[in-house]
Amino acid sequence: MPKGNPKAQTIASDKYQKKAGYMTKGFKLKRELVEAYEQACERAGVNQTAQIRKMMEQFIKEHPE
């Protein structure tokens with residue numbers, strides 16, 4: 001549940017994300033790397049989140065159990 005006094009849409013979004021299995025994963029990365037990644041995604045015309053998901057899925061396939 002969001003903190004403070006969230007609006008109805010915020011509560012609904014949070015409920016959906018939990019039901020759908022979404023989670024937030026936090027990382028600390030060097031500013032230069034993050035900015036370069038953001039620019040590369042913009043040049044390639046891809047969504048940053050979608051690209052991270054694609055790279056994670058590829059890595060998982062390359063390193064099976």
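Q: How many aromatic pairs does the structure hold?
A: Keep in mind that this is a predicted model. Ring centres have to lie within 6.5 Å to count as a pair, and Tyr16 and Tyr22 sit at 6.4 Å centre to centre. The number of aromatic pairs in the structure is one.

Q: Is the pair of Tyr16 and Tyr22 stacked, edge-to-face or tilted?
A: Planes under 30 degrees apart would be stacked, and over 60 would be edge-to-face. Tyr16 and Tyr22 have 40 degrees between their planes. That makes the pair tilted.

Q: Is Tyr22 buried or exposed?
A: Exposed takes a relative accessible area over 50%. Its partner Tyr16 comes in at 52%, so Tyr16 is exposed. Tyr22 has 55%, so Tyr22 too is exposed.

Q: What distance separates the end C-alpha atoms of helix α1?
A: Helix α1 covers residues 8-20, which is 13 residues. You count 1.5 Å for one less than the number of residues, so the expected span is 18 Å. The model agrees, with the end C-alpha atoms apart by 18 Å.

Q: Which residue just after α1 takes a positive phi?
A: Helix α1 runs over residues 8-20. Just past it, phi turns positive, at about 90 degrees. The residue is Gly21.

Q: Which element gives the largest share of the lining of the largest pocket?
A: The largest pocket holds about 780 Å³ of space, and 18 residues line it, with Lys25, Phe27, Thr49, Ile52 and Met56 closest to its centre. Two elements, α2 (31-44) and α3 (48-62), give two or more residues to that lining. The largest share, eight residues, comes from α3.

Notes. Residues are numbered from 1 along each chain as its sequence is written. This is a predicted model: local features need pLDDT of at least 70, side-chain atom pairs count only at pLDDT 80 or more; totals for chains, interfaces and linings use all residues. Side-chain values use heavy atoms; hydrogens and water are left out. On a 1 Å grid over the protein atoms alone, a cavity is a set of points where a 1.4 Å probe fits but cannot get out, and a pocket is an open set with protein on both sides within 12 Å along at least five of seven lines; lining residues have an atom within 4 Å of a point. Grid points are joined across faces, edges and corners, and a volume is the space filled by probe spheres set on the points. Helices (H or I, at least four residues) and strands (E, at least two) are DSSP runs, numbered from the N terminus. Rings of Phe, Tyr and Trp (its six-membered ring) pair if their centres lie within 6.5 Å; planes under 30 degrees apart count as stacked, over 60 as edge-to-face and the rest as tilted. Buried means under 20% relative accessible area, exposed over 50%, partly exposed in between (1.4 Å probe, protein chains only).
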